[in-house]
Amino acid sequence: MKIAFLSEKYTPDIGGLAISAERLARLLASAGHHVRVFAPTMNLPASETRTLFSNGVGVTRFGAHKRVDDTLVDWFEQIVAEHKQYPFDLIHAYFLTQAGFVAAYAGNYLSVPSVVSARGNDLERAIFDPARAAHILYALEHASAVTTNANELARKARSLIPNLPVMVISNGNDTEPFKPLPRNSALAESLHLSKGKVEGTSRVIGFAGELREKKGLRPLINACAQVNKKDPATLLIVGDIRAGEDKQWVEEFKHLQPNAQIVVTGFVSPSDLPYYYSLMDVFVQPSLRDGLPNALLEAMACQKAIIGTPVGGIADVIIDCDNGKLVSPNNPDELAEAIHELLIDNSLRMKLGARACQTIKEKFTLQAELGANLDVYRRLGLKV
């Protein structure tokens, strides 16, 4: 089967969408399918294309235009031109606003089945933008099948299009690299992680990814400052803080709270992430809105005690007091209390971490993600 895979981000782009798109493309290729990725980039001049092959996947990046409609025209025409030479059996798109629209439109134009996958911000935020809402609604109404990675997103899609069939397919996690590891002391030393007073060990509150408003930046920073007043602890941000207002707010906070212990690593290679997770005592995903964060599943697979908020796909994964703890969104006091409880209770921390790891091994595997997508294709009459 030949699949055109469309995504608005793809590695080496930063972010969960790029990671998830590459993961599924590789999984499909490993199952013997021919996958051709089409994704815009700002790193090429407008309309210029470049195709590379890696791990059995052909990746075509093309230069985006300043005008979104010009970019969409290029995207559509590339799919049509490629289909004329080497016909596609399926078009699958990640994210509804641009990729999903092009996939549904091109699929109907070419009489090829299309699958569109909502990933988070498309239904959480972009749908409220009149300039993008029409594309989202078209994708939902005219694709052959709709998938998403969270039950909450499926509910929102059905709110827009009543009785819309939506298949929920959770993100999978590769438990080979992401597994419990001994604390990497050399890495801890290089990051100047401070020593706490609890049993003489360092206490590290972890977050991974791009920390920004929707990921709970302000409640997380404020909660960590409260915890630090009781027992010194460091907030380790494995990734970066979004440039602009978010980064400016953090800089102002650090100026007003000079004793705040915040370490920001900048970009970390995915292959190195498990070593950073090994430094964390508690992993926090305090999102205000979200899909299903890859970092959450990675930290769970690394046997970290998790604190999350019951939003998006987080609510599908974390069972309060069983494999993690859930706190109300945008509530720094409640978050601080949960963090402090886990930092001082080694037994509870280890118990929740073990259950988190077990959850990933049992329910959030790569094989489950691949199999669920192939089931969707079969329902469209494709031979997989």
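1. The mean pLDDT of the chain is 95, with 98% of its residues reaching 70 or more, and these values belong to a predicted model. One stretch to read with care is residues 196-200, where pLDDT stays under 50; for this stretch the model has 10 contacts beyond four places in sequence.

2. A good place to begin with the fold is an open sheet of 6 strands, which follow one another in the order 11-10-9-12-13-14 with parallel pairing. At the edges of this sheet stand strand 11 (262-264) and strand 14 (325-326), each of which pairs on one side only. Helix 8, made up of residues 217-230, packs on the sheet and touches strand 9 (204-211), strand 10 (234-241), strand 11 and strand 12; the direction of helix 8 makes about 165° with that of strand 9.

3. Within the sheet, strand 12 (residues 282-285) and strand 13 (residues 305-308) are paired in the parallel sense over 4 bridges. A reader who wishes to find this pairing in the structure can look for Val284, whose bridge partner in strand 13 is Ile307. Helix 14, residues 346-363, lies across strand 12, strand 13 and strand 14, and runs at about 85° to strand 13.

4. Turning to enclosed space, the count comes to 2 cavities of 30 Å³ or more. The largest cavity holds about 60 Å³ of space, and its lining consists of Ile221, Cys224, Ala225, Asn228, Ala233, Leu235, Phe253, Ala260, Gln261 and Ile262. Helix 8, the helix that packs on the sheet, gives the largest share of this lining, 4 residues. By class, the lining of the largest cavity has 8 nonpolar and 2 polar residues, and no charged ones.

5. The second largest cavity has a volume of about 40 Å³. The residues that line this second cavity are Tyr94, Ser117, Arg119, Thr147, Thr148, Ile169, Ser170, Asn171, Glu369 and Asn373, and the elements giving two or more residues to the lining are strand 7 (145-148) and helix 15 (366-379). By class, 2 residues of this lining are nonpolar, 6 are polar and 2 are charged, whereas the lining of the largest cavity has no charged residues.

Terms used. Residues are numbered from 1 along each chain as its sequence is written. This is a predicted model: local features need pLDDT of at least 70, side-chain atom pairs count only at pLDDT 80 or more; totals for chains, interfaces and linings use all residues. Side-chain values use heavy atoms; hydrogens and water are left out. Two strands pair if DSSP finds at least two bridges between them. Contact means heavy atoms within 4.5 Å. Axes are lines fitted to C-alpha atoms, for helices over the stretch in contact, and angles run from 0 to 180 degrees between N-to-C directions. pLDDT is the predictor's confidence in each residue, from 0 to 100. On a 1 Å grid over the protein atoms alone, a cavity is a set of points where a 1.4 Å probe fits but cannot get out, and a pocket is an open set with protein on both sides within 12 Å along at least five of seven lines; lining residues have an atom within 4 Å of a point. Grid points are joined across faces, edges and corners, and a volume is the space filled by probe spheres set on the points. Ala, Val, Leu, Ile, Met, Phe, Trp, Tyr, Cys and Pro count as nonpolar, Asp, Glu, Lys and Arg as charged, and the others, Gly among them, as polar.
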